[in-house]
Amino acid sequence: MEFGSGILEQNVLMDGEYVHRGSRERLIGLTPTLDRIAEFSLERGVQAGMPPFFLCHAKDDTAVPVENSVLLADSLRANGVPVELFLAETGGHGFSLGRTTDSSRWPVLFTSWLDQLP
(Lines give C-alpha, C1' and ligand atoms only; values in the text may rest on other atoms or scores of the structure.)
Protein backbone atom coordinates (compact mmCIF):
# COMPACT_ATOMS: atom_id res chain seq x y z
CA MET A 1 0.00 0.00 0.00
CA GLU A 2 1.31 3.44 -0.91
CA PHE A 3 1.57 6.19 1.67
CA GLY A 4 1.55 9.93 1.16
CA SER A 5 2.12 12.96 3.28
CA GLY A 6 -0.56 15.35 4.38
CA ILE A 7 -3.91 14.48 5.84
CA LEU A 8 -4.77 10.84 6.26
CA GLU A 9 -8.36 9.89 6.92
CA GLN A 10 -8.20 6.16 7.06
CA ASN A 11 -8.47 3.39 9.55
CA VAL A 12 -4.99 2.25 10.35
CA LEU A 13 -5.34 -1.02 12.21
CA MET A 14 -6.80 -4.02 10.43
CA ASP A 15 -6.63 -6.42 13.38
CA GLY A 16 -6.55 -6.38 17.16
CA GLU A 17 -8.75 -4.77 19.76
CA TYR A 18 -8.79 -1.28 18.15
CA VAL A 19 -9.81 -2.24 14.62
CA HIS A 20 -12.96 -0.63 13.22
CA ARG A 21 -14.59 -3.83 12.01
CA GLY A 22 -17.04 -2.19 9.60
CA SER A 23 -14.26 -0.41 7.75
CA ARG A 24 -12.14 -3.54 7.67
CA GLU A 25 -15.00 -5.56 6.20
CA ARG A 26 -15.66 -2.92 3.53
CA LEU A 27 -11.96 -2.62 2.64
CA ILE A 28 -10.77 -6.23 2.73
CA GLY A 29 -13.82 -8.45 3.21
CA LEU A 30 -15.32 -10.60 5.94
CA THR A 31 -12.55 -13.20 6.08
CA PRO A 32 -9.30 -11.58 4.92
CA THR A 33 -6.09 -13.56 4.79
CA LEU A 34 -3.24 -12.68 7.13
CA ASP A 35 -1.33 -11.31 4.13
CA ARG A 36 -4.25 -9.05 3.20
CA ILE A 37 -4.55 -7.80 6.79
CA ALA A 38 -0.84 -7.00 6.84
CA GLU A 39 -1.07 -5.24 3.46
CA PHE A 40 -3.84 -2.91 4.66
CA SER A 41 -2.51 -2.32 8.20
CA LEU A 42 -0.93 1.08 7.68
CA GLU A 43 1.20 0.95 10.81
CA ARG A 44 2.92 -2.20 9.50
CA GLY A 45 3.97 -0.62 6.21
CA VAL A 46 5.95 2.28 7.63
CA GLN A 47 9.50 2.57 6.30
CA ALA A 48 12.35 4.98 6.89
CA GLY A 49 12.49 7.70 4.26
CA MET A 50 8.74 8.17 3.98
CA PRO A 51 7.44 11.75 3.76
CA PRO A 52 6.36 13.57 6.93
CA PHE A 53 2.88 12.89 8.30
CA PHE A 54 0.33 15.11 10.02
CA LEU A 55 -2.29 13.12 11.92
CA CYS A 56 -5.28 14.41 13.86
CA HIS A 57 -7.87 12.48 15.80
CA ALA A 58 -10.48 13.35 18.42
CA LYS A 59 -10.16 11.45 21.68
CA ASP A 60 -13.95 11.23 21.88
CA ASP A 61 -14.29 9.56 18.45
CA THR A 62 -16.73 6.72 19.09
CA ALA A 63 -16.45 5.27 15.56
CA VAL A 64 -12.69 4.76 15.13
CA PRO A 65 -10.58 4.34 18.27
CA VAL A 66 -7.92 7.03 18.77
CA GLU A 67 -5.35 4.25 19.09
CA ASN A 68 -5.40 3.97 15.28
CA SER A 69 -3.64 7.35 15.03
CA VAL A 70 -1.50 6.86 18.14
CA LEU A 71 -0.12 3.52 16.96
CA LEU A 72 0.55 4.85 13.45
CA ALA A 73 2.42 7.82 14.98
CA ASP A 74 4.43 5.42 17.17
CA SER A 75 5.36 3.33 14.14
CA LEU A 76 6.36 6.41 12.14
CA ARG A 77 8.57 7.68 14.99
CA ALA A 78 10.15 4.26 15.46
CA ASN A 79 11.15 4.33 11.78
CA GLY A 80 12.51 7.87 11.88
CA VAL A 81 9.63 9.37 9.88
CA PRO A 82 8.68 12.89 11.00
CA VAL A 83 5.15 12.98 12.39
CA GLU A 84 2.94 15.53 14.06
CA LEU A 85 0.01 14.06 16.02
CA PHE A 86 -2.78 16.37 17.15
CA LEU A 87 -5.21 14.74 19.56
CA ALA A 88 -8.29 16.90 20.09
CA GLU A 89 -10.09 16.29 23.36
CA THR A 90 -13.43 16.67 21.58
CA GLY A 91 -14.67 16.66 18.02
CA GLY A 92 -16.08 13.19 17.45
CA HIS A 93 -15.58 11.30 14.21
CA GLY A 94 -14.83 13.04 10.93
CA PHE A 95 -14.77 16.52 12.39
CA SER A 96 -13.45 18.08 9.17
CA LEU A 97 -13.11 21.80 9.89
CA GLY A 98 -13.99 21.31 13.53
CA ARG A 99 -17.09 20.72 15.55
CA THR A 100 -15.69 22.02 18.81
CA THR A 101 -13.28 24.74 19.83
CA ASP A 102 -10.61 22.08 20.36
CA SER A 103 -11.08 20.17 17.09
CA SER A 104 -11.33 23.37 15.04
CA ARG A 105 -7.67 24.11 15.86
CA TRP A 106 -6.32 21.47 13.46
CA PRO A 107 -6.22 23.61 10.26
CA VAL A 108 -4.01 26.22 11.95
CA LEU A 109 -1.78 23.50 13.40
CA PHE A 110 -1.58 21.82 10.00
CA THR A 111 -0.62 25.08 8.27
CA SER A 112 2.07 25.74 10.88
CA TRP A 113 3.36 22.20 10.39
CA LEU A 114 3.52 22.71 6.63
CA ASP A 115 5.43 25.98 7.09
CA GLN A 116 8.08 24.11 9.08
CA LEU A 117 8.73 21.47 6.44
CA PRO A 118 11.99 21.78 4.54
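Residues are called partly exposed here when their relative accessible area falls between the buried limit, under 20%, and the exposed limit, over 50%. With that scale in hand, the charged pairs and nonpolar cores of this predicted model can be described in turn.

Six salt bridges are counted in the model. A good place to start is the pair formed by Glu 89 and Lys 59, whose closest N and O atoms are 2.8 Å apart. This contact ties together parts that are 30 residues apart in sequence, because Glu 89 lies in the loop between β3 (83-88) and α4 (106-116), while Lys 59 belongs to the loop between β2 (53-58) and α3 (67-78). Glu 89 has a relative accessibility of 48% and therefore counts as partly exposed. Its partner Lys 59, at 44%, is likewise partly exposed.

A more local arrangement is found in helix α2 (residues 34-40), where Glu 39 and Arg 36 are three residues apart and thus separated by about one helical turn. These two side chains form a salt bridge, with 3.2 Å between the closest N and O atoms. Glu 39 is partly exposed, at 39% relative accessibility, and Arg 36 is also partly exposed, at 34%.

The next pair brings together Arg 44 and Glu 43, which form a salt bridge with an N to O distance of 3.9 Å. Here the two partners fall into separate accessibility classes: Arg 44 is partly exposed, with a relative accessibility of 42%, whereas Glu 43 is buried, with a relative accessible area of 16%. The value for Glu 43 places this residue in the buried class because the limit for that class is under 20%. Both residues also take part in a network of salt bridges that includes Asp 15.

Attention can now turn from charged side chains to nonpolar ones. The largest nonpolar core has 13 residues, and the members that touch the most others are Val 46, Phe 53, Leu 55, Leu 72, Leu 76, Val 81 and Val 83. Two or more residues of this core are given by each of β2, α3 and β3. Of these elements, α3 provides the largest share, three residues. Another core, of eight residues, lies apart from the largest one. Its members include Phe 54, Ala 58, Phe 95 and Trp 106.

Key
Residues numbered from 1 in each chain as written. Predicted model: local features only at pLDDT ≥ 70, side-chain atom pairs only at ≥ 80, totals over all residues. Heavy atoms only, no water. Salt bridge = Lys/Arg side-chain N within 4 Å of Asp/Glu carboxyl O. Helix = DSSP H or I, 4+ residues; strand = E, 2+ residues; numbered from the N terminus. Buried < 20%, exposed > 50% of the residue type's maximum accessible area, 1.4 Å probe, protein only. Core = buried A, V, L, I, M, F, W, Y, C linked by side-chain atoms within 4.5 Å.
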